[in-house]
Amino acid sequence: MKSRLIDKTRALCPLMLSVLLSWSIVPSPSVPSRAEEPRPRESLLRLMPRESDLPGWRLDGEPQTAEGIGLFELINGGAEEYLKEGFSRAVMATYRNSEGKRINLEIYEMLSPESARNIHSGKTGGKGQKVSLGEEAVREDHYLNFRKGACQVTLSGDDTQGETLEWLLRMARLVAERIGVSP
């Protein structure tokens with residue numbers, strides 16, 4: 001009886017050893033190193049023109065931002081379309097000059113350049129005057145819409161006077177430069 005127990009123990013030892021070794025060989029889930037961690041997204045506020053770039057113009061209040069469904073709180077109507085197309089986040093601000101004229105700036109970051117293209121097409125409807133800016137730009141009345149990369153940008157002025165339209169274009173160019181090179 002004692003010899004049977006010794007035989008069973010001898011038989012189990014290699015089995016136990018192989019189980020323990022297999023546990024040490026099985027790869028553990030990899031933990032990304034600091035170099036592999038995704039970088040945090042930069043704030044969209046960095047895309048806005050600085051007051052120093054716009055002589056005579058100042059921000060009129062604090063810029064407003066939204067992410068995801070928070071867009072419903074920021075815009076009255078239209079948020080559904082953005083979310084359906086793949087909205088990520090937005091920043092909106094109003095600039096005012098010394099004469100009291102205002103220019104509104106809206107920057108929408110979509111999930112992809114295709115999403116931005118779809119929103120842009122819906123906003124412009126193929127109407128207006130084409131402008132050389134970003135990947136596609138249209139000015140109609142006191143609005144200027146352009147897209148670059150995954151961003152759709154809308155600027156609107158108080159009127160259609162030449163000076164207002166020049167500032168719309170100037171501000172739009174500053175934003176386009178800050179968006180950078182599209183993928």
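**Entry 1: helix H3**

I began with helix H3 of this predicted model, which spans residues 79-85 and holds both Glu81 and Lys84. The two residues are 3 apart, about one turn of the helix. I checked their side chains and found that they meet in a salt bridge, with an N to O distance of 3.6 Å. I then looked up the accessibility of each partner. Glu81 has 39% relative accessibility and therefore counts as partly exposed. Lys84 stands at 61%, which is over the 50% cut-off, so I noted Lys84 as exposed.

**Entry 2: strands E3 and E4**

I next turned to Arg89 and Glu109, whose side chains form a salt bridge at 2.5 Å, N to O. This pair links distant parts of the chain: Arg89 belongs to strand E3 (residues 87-97) and Glu109 to strand E4 (residues 102-110), with their positions 20 residues apart in the numbering. Are these partners buried or exposed? I recorded a relative accessible area of 9% for Arg89 and of 17% for Glu109. Buried means under 20%, so Arg89 is buried, and Glu109 is buried as well.

**Entry 3: two loops**

I looked up the pair Asp159 and Lys101, and found a salt bridge between their side chains at 3.3 Å, N to O. Which parts of the chain does this pair tie together? Asp159 sits in the loop between strand E8 (151-157) and helix H5 (162-179), whereas Lys101 sits in the loop between E3 and E4, so the contact joins parts that are 58 residues apart in sequence. I noted that Asp159 and Lys101 are both buried.

**Entry 4: salt bridges overall**

I took the total for the structure, which is 9 salt bridges. Among them are bridges that share partners and join Arg50, Asp53 and Arg178 into one network.

**Entry 5: the cavity**

I searched for enclosed space last. How many cavities of 30 Å³ or more does the structure hold? I found 1, and the volume of the largest cavity is about 30 Å³. Its lining consists of Trp57, Asn97, Lys101, Ile103, Glu163 and Thr164. I sorted these lining residues by character and obtained 2 nonpolar, 2 polar and 2 charged. Lys101 thus appears twice in my notes: Lys101 lines this cavity, and the Lys101 side chain forms the salt bridge with Asp159.

Conventions
Residues numbered from 1 in each chain as written. Predicted model: local features only at pLDDT ≥ 70, side-chain atom pairs only at ≥ 80, totals over all residues. Heavy atoms only, no water. 1 Å grid on protein atoms, 1.4 Å probe; cavity = no way out; pocket = protein on both sides within 12 Å on 5 of 7 lines; lining within 4 Å. Points joined across faces, edges and corners; volume = space filled by probe spheres on them. Nonpolar A, V, L, I, M, F, W, Y, C, P; charged D, E, K, R; others polar. Salt bridge = Lys/Arg side-chain N within 4 Å of Asp/Glu carboxyl O. Helix = DSSP H or I, 4+ residues; strand = E, 2+ residues; numbered from the N terminus. Buried < 20%, exposed > 50% of the residue type's maximum accessible area, 1.4 Å probe, protein only.
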